[in-house]
Amino acid sequence: MHIVFAASECVPFAKTGGLADVVGALPPELAKLGHKVSVYLPFYAGVRRRIAGEPRCAVRSITIPFDYYNRFAAIVDGGLRDGVQYYFVDCPELFDRDELYGLKGGEFPNNWERFGLFARAVLEAAKQLGVPEVFHVHDWQAALIPVYLRTTYSADPALNRAGTVLTIHNAGYQGWFPPQTTQRLLFPWDVFTMDKLEQFDTFNFLKGGLVYSDILTTVSRRYALEIQTPEFGEKLDSVLRARAADLRGILNGVDYAHWDPATDPSLAAHYSPENLTGKTACRADLLRVFGLENLPDTTPVVGMVSRFAAQKGFDLVEQIAPILAERDVAVVALGSGEPRYEKFFRDWAYWHKGKVAVQIRYDEVLAHKVEAGSDIFLMPSRYEPCGLNQIYSLKYGTVPVVRATGGLDDTIEEWNPAQTSGTGFKFEGYSADALMAAVDRALAAFPDKQGWRQLMRNGMARHYGWEKPAKEYEAVYAEAAARRA
Ligand code: ADP
């Protein structure tokens with residue numbers, strides 16, 4: 001089968017979060033299963049820098065009309081990697097910039113135009129480079145592909161037998177724009193209704209994708225259920241309930257080629273379930289990088305790596321910060337994002353030097369060091385579609401403390417000391433008390449060296465590779481293609 005991926009992020013070209021990891025890892029896994037896979041991405045400045053030499057053109061110019069002007073996009077041939085063909089949509093005035101979605105002050109106001117053009121460029125390019133059986137589109141940035149396919153492109157004989165699958169990586173980001181976007185992107189006004197793209201008088205990219213795609217997926221079983229409720233549905237729950245029969249939860253895999261403490265080039269030492277000694281050197285290395293060298297061995301290190309966003313539960317961390325400061329525990333945090341959380345972490349570290357340390361930036365090497373060098377990994381998310389860091393933590397023998405939501409609930413099992421089963425610590429309700437109780441259970445378990453080692457090994461033995469999810473996606477593609485056959 002030929003599958004075209006369209007997304008705004010993909011490792012190693014462009015990344016702000018877990019979406020990039022998925023779009024980087026799933027296509028090669030599908031290629032291994034014998035499928036033909038092409039991935040389309042915008043040609044951001046960062047992608048341009050990654051291409052050796054002059055970009056090679058696959059399509060010289062595609063005309064994309066808007067309401068009173070045209071734009072022209074070229075398709076750059078990104079070549080074949082691990083059996084996957086990459087194409088980049090090149091429209092310098094829209095994509096040749098370092099940021100993917102916006103500057104610190106906010107999103108680019110013309111994101112409707114950037115990702116509206118992206119959707120049509122992918123469809124037009126596919127007609128020249130190969131129409132797939134299925135377009136697999138990701139998040140709001142690619143969600144207009146199924147909308148165009150079933151509206152203004154519905155009579156196109158080259159495209160009308162292609163199935164569509166939309167994966168929701170995070171329902172909190174939907175792409176809301178003014179009503180006139182309908183006209184600017186050359187849609188007929190009859191798509192701007194409550195049962196299609198309109199939502200509270202905005203033009204909603206994601207909602208369009210939810211309405212027009214053949215199959216919807218999201219990245220864990222629990223999140224697939226949660227988003228059908230008002231608490232997690234981000235005001236799209238009724239649309240998702242209406243499509244419940246076509247909505248699947250497929251847990252993300254992780255790429256163990258990049259996330260394995262036995263081979264990870266970012267670490268000071270390597271280790272495995274059979275020989276854990278290297279983890280001590282990783283902890284010492286981490287503490288050195290964060291300036292906490294004098295920490296006694298008996299004090300557990302709690303690590304965090306995250307976008308600093310409200311979704312991640314930092315208001316709960318803020319509430320327990322004074323209590324944590326009194327416990328025998330050290331905290332290291334790596335992240336960046338909303339200024340209020342950056343300030344919270346800076347202040348917390350300032351007042352508790354030698355015990356709490358933060359690095360405010362995006363740093364992949366350091367992310368690996370935090371996973372390896374910490375004893376406990378904290379993810380108290382308000383919601384978490386899948387979450388990758390807790391899965392990395394399992395592999396790195398770093399015990400996760402998580403809120404029982406989305407993929408965190410699907411992947412972490414509460415430690416049971418009597419039966420020595422389980423992989424971490426979980427709490428249900430979104431409250432500081434519940435979080436503190438889970439952290440305290442972890443701190444109470446830590447001094448029992450033998451029990452803790454078993455807990456680490458339980459997690460390290462879990463396998464969340466891409467083999468199983470790739471097969472689940474394969475079944476979904478077959479279903480989507482069959483609907484159009
Ligand atoms: P989300 O996609 O919501 O940000 P995930 O847990 O699914 O959350 O994925 C986050 C990914 O981004 C992980 O691979 C994580 O290591 C990485 N990451 C997040 N923040 C940083 C940072 N400050 N530095 C390096 N990597 C980061």
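**Helix α17**

I looked up which residues of α17 are buried in this predicted model. The list runs A432, L435, M436, A438, V439, A442, L443 and A445. I took buried as under 20% relative accessible area.

Next I checked what covers these residues. The cover includes two helices, α12 (314–326) and α18 (449–461). It also includes the strands β18 (376–379), β19 (399–403) and β20 (425–427).

I then checked the length of α17. The helix spans residues 432–445, 14 residues in all. From first C-alpha to last it reaches 20 Å. That is close to the 20 Å expected at 1.5 Å a residue.

**Ligand site**

I moved on to the ligand and found 19 residues around it. G18, R307, K312, R361 and L388 come nearest.

I looked up polar side-chain atoms beside oxygen atoms of the ligand. For R307 I noted a distance of 2.8 Å to a ligand oxygen. For N389 the distance from a polar side-chain atom to a ligand oxygen is 3.2 Å. For D21 the corresponding value is 3.3 Å.

How much of the ligand's accessible area does the protein cover? On its own the ligand has 560 Å², and the protein covers 93% of that.

I asked which elements give two or more residues to the shell around the ligand. They are α1 (18–32), β15 (301–308), β16 (330–337), α14 (364–373) and α15 (389–395). β15 supplies the largest share, three residues.

Last, I sorted the shell by residue type. I have six nonpolar, six polar and seven charged residues around the ligand.

Note on methods
Residues are numbered from 1 along each chain as its sequence is written. This is a predicted model: local features need pLDDT of at least 70, side-chain atom pairs count only at pLDDT 80 or more; totals for chains, interfaces and linings use all residues. Side-chain values use heavy atoms; hydrogens and water are left out. Helices (H or I, at least four residues) and strands (E, at least two) are DSSP runs, numbered from the N terminus. The expected span of a helix is 1.5 Å times one less than its number of residues. Buried means under 20% relative accessible area, exposed over 50%, partly exposed in between (1.4 Å probe, protein chains only). Contact means heavy atoms within 4.5 Å. A residue is near a molecule or strand if one of its heavy atoms lies within 4 Å of it. A polar contact is a pair of N or O atoms within 3.5 Å; within protein, one must be able to donate a hydrogen and the other to accept it, and residues adjacent in sequence count only if both atoms are side-chain atoms. Accessible areas come from the Shrake-Rupley method with a 1.4 Å probe; for residues, only the protein chains shown count as cover. Ala, Val, Leu, Ile, Met, Phe, Trp, Tyr, Cys and Pro count as nonpolar, Asp, Glu, Lys and Arg as charged, and the others, Gly among them, as polar.
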